[in-house]
Amino acid sequence: MQLSTQRPYTIAERAILSLLGGDVDYLERFRKVTALSRKVRSSEYLLTNGCNIRCEGCWFFEHDFDKGTTELKSVEGVREFAKRERERGITYAIIIGGEPTLVPDRVAAFVDVMDYVTISTNGLRRLPVDGFENVAVQISLFGGGQLDDQLRAIKPGGQRFTGLFETALRNYEGDPRACFVYAITEDGIEYIQDTVRRIHENGNRVSLNFYSKYNRDEPLRMQNAPRLVEEALRVKALYPDTLLSHPYFIRAIVTGESHWGSFGYDVCPSLSVDHPAHAERLANGNPVLPRFNAWAADCSTVNFCCTSGHCGDCRDSQAVLSWLLVSLDRFRESGARLKTWIEISESYWKQFCWAPYDAQSSRAQQRRVLPLLSNAI
């Protein structure tokens, strides 16, 4: 067995190499994902209470987050807040809404300060290219097919429209910053393949989320979860490079189950560490994201967690992925399990254009595509 000459292996790495059966390639991949994870310290920011649509089941409006605080509109005030966050050790800003593309100047304030920035958008407006070249854009998609318009294409006044997914495809065609976040549901099983195909043909990538059914007594309850899992896995096999989600994660996001337990508040790592409600949770021994806080649009209020705070209804994709990633020790039981964890980690980071996984291909593509996109504005 020939070891890497990049640097000597530590005792811990030699133990991992032994667990991996001497597979040096997987050890190097392990090094890469863990080195990146140590650099990325995230928090989440609601930069505006405004949005140009009203998706059914949107936790932000269903639970009146838009009414809880007054948004900070001063760009300089947002920039100073971002600087304080950077001093707190945060390197990665996850910017959600409302709708971040309505306030690109506030997004730019974070771009000026943070090493990594991602926005979550409905896709109706396009994030400009100039000044935002390395901002990852995650585009929401509910159900697929005609379900997406049924669930999302609703104006703030209640009027319905059509073609939201088509608009997002046009806005981000060939854009290496973009990754669709596709919330699948058993009501839309028939649409999964065609939806992923269209994203593939548009030159984008997609990761999966799970749609908690709006206005139901049991939003996570399904009639046939195995069928939804089976179809998602089948489409993953058809489009392995476009559909980024790992098969292990696909099962976890649909069922809420891992090989050691169930997803829920007691294990969710994506909660605000400075929120006083979490003292008991922080003491239970289950890992959390270091320094993570979810901030309201006033840039001073710490929200409960990365989503609604209604844990019984939640199976947010980034929270579930984080749960798997911070649970490395659960995957050390065998070399096969550890390889799965490495692959899940890689699939997570591939969502973001700023991550080193697709750095060469993405930046080369940016040099080709982004000037064309900018000229098309």
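The lining of the largest cavity is made up, by class, of four nonpolar, four polar and no charged residues. That is a nice place to step into this structure, which is a predicted model. The residues around that space are S207, L244, S245, F249, L321, S347, Y348 and Q351. The volume of this largest cavity is about 40 Å³, and the count of cavities of 30 Å³ or more comes to one. As background, rolling a probe the size of a water molecule over the atoms shows where empty space is left.

Two of the lining residues, L321 and Y348, lead us straight to a pair of helices. L321 is in α13 and Y348 is in α14, and both take part in the contact between these helices. Two packed helices are described by the angle between their axes and the distance between the axes. Here, α13 (residues 317–325) and α14 (residues 335–349) pack at an angle of about 145 degrees, and their axes are 10 Å apart. The crossing of α13 past α14 is left-handed. On the α13 side the contact is formed by Q318, L321, L324 and L325, and on the α14 side by W341, I344, S345 and Y348. Sorted by class, this contact has six nonpolar, two polar and no charged residues. It is worth looking at the spacing here: an α-helix has 3.6 residues a turn, so residues three or four places apart point the same way.

Follow the chain onward from α14 and you come to C353, in the loop between α14 and α15 (359–375). With a relative accessible area of 2%, C353 falls under the 20% cut-off and therefore counts as buried. Compare its position with that of L325, a residue we have just met in the helix contact: C353 and L325 are 28 residues apart in sequence, and their C-alpha atoms are 19 Å apart in space.

Now let us move to another part of the chain, where helix α8 (residues 164–171) is mostly covered, with six of its eight residues buried. The buried residues of α8 are L164, F165, T167, A168, L169 and N171. What lies over them? The cover includes the strands β4 (136–142) and β5 (178–184), together with the helices α7 (146–152) and α9 (192–201).

Just ahead of β4 in the chain is a loop that links it to β3 (116–121), and F132 has its place there. F132 has 7% relative accessibility, so it counts as buried. Leaving aside residues up to four places away in sequence, F132 touches P104, V107, A108, V111, L127 and R177. One of these partners, A108, is 24 residues from F132 along the chain, yet the C-alpha atoms of the two are separated by 7.4 Å.

For a contrast in exposure, turn to R84 in helix α5 (residues 75–87). Its relative accessible area is 48%, so R84 is partly exposed. R84 and V113 are 29 residues apart along the chain, and 9.7 Å separates their C-alpha atoms.

Helix α10 (residues 225–238) holds V229, which counts as buried because its relative accessibility is 9%. Not counting residues up to four places away in sequence, V229 touches I250, R251, V254 and T255. A longer step takes us from V229 to G97: the two are 132 residues apart along the chain, with 29 Å between their C-alpha atoms.

G97 is a good place to pause and look at the backbone. Most residues other than glycine have a negative phi, and most peptide bonds are trans. The peptide bond from G97 to G98, however, is cis, with omega near 10 degrees. G98 sits in the loop between β2 (92–96) and α6 (104–111).

Two further backbone points involve phi. R291, in the loop between α12 (279–282) and β7 (294–295), has a positive phi near 70 degrees although it is not a glycine. C299 also has a positive phi, of about 60 degrees, and is found in the loop between β7 and β8 (302–303). Are these two residues buried or exposed, fully or partly? R291 has 41% relative accessibility and so counts as partly exposed, whereas C299, at 7%, counts as buried.

Conventions
Residues numbered from 1 in each chain as written. Predicted model: local features only at pLDDT ≥ 70, side-chain atom pairs only at ≥ 80, totals over all residues. Heavy atoms only, no water. 1 Å grid on protein atoms, 1.4 Å probe; cavity = no way out; pocket = protein on both sides within 12 Å on 5 of 7 lines; lining within 4 Å. Points joined across faces, edges and corners; volume = space filled by probe spheres on them. Nonpolar A, V, L, I, M, F, W, Y, C, P; charged D, E, K, R; others polar. Axes fitted to C-alpha atoms, helices over the stretch in contact; angles between N-to-C directions. Helix = DSSP H or I, 4+ residues; strand = E, 2+ residues; numbered from the N terminus. Left-handed = near helix turned anticlockwise from the far one by under 90°. Contact = heavy atoms within 4.5 Å. Buried < 20%, exposed > 50% of the residue type's maximum accessible area, 1.4 Å probe, protein only.
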